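Here's a quick briefing to read with the model open in your viewer. Take a look at the fold, then work down the bullets.

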Amino acid sequence: MSRPIILTPNQHGIMDSTKTVTHLSLCTGYGGIDLGLNRVIRDLRTLAYAEIDAFAVEVLLARMESGSLDSAPIWTDVRDFPWHLLHG
């Protein structure tokens with residue numbers, strides 16, 4: 001797995017948006033923050049979601065099917081997430 005990219009402003013205060021940014025969406029809810037982030041970070045890729053509420057999970061699945069959100073696994077308990085796979 002590649003190292004995460006941390007966006008930091010250059011000397012002119014401009015972010016380098018030429019690289020894909022990956023993230024985990026924790027306590028996702030219906031995905032509103034993810035939708036907003038996708039509008040401002042061009043190459044954002046969600047690796048996984050974590051949401052316990054069944055209705056919110058259904059909304060996430062519908063948004064993935066429609067293409068509004070990235071298709072990614074959903075964990076219903078953040079304590080079960082395989083954190084050890086994210087080293088690097």
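**Aromatic corner and the rest of the fold**

Trp83 counts as partly exposed, since its relative accessibility is 39%. Keep in mind that this is a predicted model, with a protein-wide average pLDDT of 84 and 77% of the residues scoring at least 70. Below, we start from that tryptophan's ring partners, then move on to the sheet, the charged pairs and two residues picked out for a closer look.

**Rings**

- The structure holds two aromatic pairs.
- One is Trp75 with Phe81, an edge-to-face arrangement with 4.7 Å centre to centre and 65° between the planes.
- The other joins Phe81 to Trp83 in a tilted arrangement, at 4.6 Å centre to centre and 55° between the planes.
- Why is the first pair called edge-to-face and the second tilted? Plane angles over 60 degrees count as edge-to-face, while tilted covers what is neither that nor under 30 degrees, so 65° puts Trp75 and Phe81 in one class and 55° puts Phe81 and Trp83 in the other.
- Put together, the ring pairs link Trp75, Phe81 and Trp83 into a cluster.
- Is Phe81 buried or exposed? Phe81 is buried, because its relative accessible area is 10% and the cut-off for buried is under 20%.
- Trp75 comes out as partly exposed, at 24% relative accessibility.

**Sheet and crossover**

- Three strands make up an open sheet, ordered β1-β2-β3, and the pairing is parallel.
- β1 and β3 sit at the edges with a single partner strand each, so one side of each has no neighbour in the sheet.
- β1 (residues 21-26) pairs with β2 (residues 44-50) in the parallel sense, and the pairing runs over six bridges.
- On the other side of the pairing list, β2 and β3 (residues 74-75) are also parallel, over two bridges.
- Ala50 shows up in both pairings: Leu26 stands opposite Ala50 in β2, and Ala50 in turn stands opposite Trp75 in β3.
- That brings us back to the ring cluster, since Trp75 is one of its members.
- How many residues of β2 are buried? Five of the seven are, so β2 is mostly covered.
- β1, helix α1 (residues 32-40) and β2 together make a right-handed β-α-β unit.
- On confidence, β1 has the lowest mean pLDDT among the elements, at 91, while helix α2 (residues 54-66) has the highest, at 96.

**Charged pairs**

- There are two salt bridges in the count.
- Arg45 bridges to Asp70, with the closest N and O atoms 3.7 Å apart.
- Arg45 belongs to strand β2 and Asp70 to the loop between α2 and β3, so this pair ties together parts 25 residues apart in sequence.
- Arg45 itself is partly exposed, with a relative accessible area of 34%.
- The other bridge runs between Arg79 and Asp77, where the closest N and O atoms are 2.8 Å apart.
- Which side of that bridge is exposed, and which is buried? Arg79 is exposed, with a relative accessible area of 68%, whereas Asp77 is buried, at 19%.

**Two residues up close**

- Ser25 has its place in strand β1 and is buried, at 6% relative accessibility.
- Leaving out residues up to four places away in sequence, Ser25 touches Asp34, Thr46, Ala48, Tyr49 and Ala50.
- Ile74 is found in strand β3 and counts as partly exposed, at 23% relative accessibility.
- With the same sequence exclusion, Ile74 touches Tyr49, Glu51, Val57, Leu60, Leu61 and Met64.
- Tyr49 is thus a contact of Ser25 and a contact of Ile74.
- How far apart are Ile74 and Ser25 in sequence and in space? The two are 49 residues apart in sequence and 9.3 Å apart in space, C-alpha to C-alpha.

How values were computed: Residues numbered from 1 in each chain as written. Predicted model: local features only at pLDDT ≥ 70, side-chain atom pairs only at ≥ 80, totals over all residues. Heavy atoms only, no water. pLDDT = per-residue confidence, 0-100. Helix = DSSP H or I, 4+ residues; strand = E, 2+ residues; numbered from the N terminus. Buried < 20%, exposed > 50% of the residue type's maximum accessible area, 1.4 Å probe, protein only. Pairing = 2+ DSSP bridges. Right-handed = clockwise from strand over helix to strand, strands pointing away. Phe/Tyr/Trp six-rings, centres within 6.5 Å; stacked < 30°, edge-to-face > 60°. Salt bridge = Lys/Arg side-chain N within 4 Å of Asp/Glu carboxyl O. Contact = heavy atoms within 4.5 Å.
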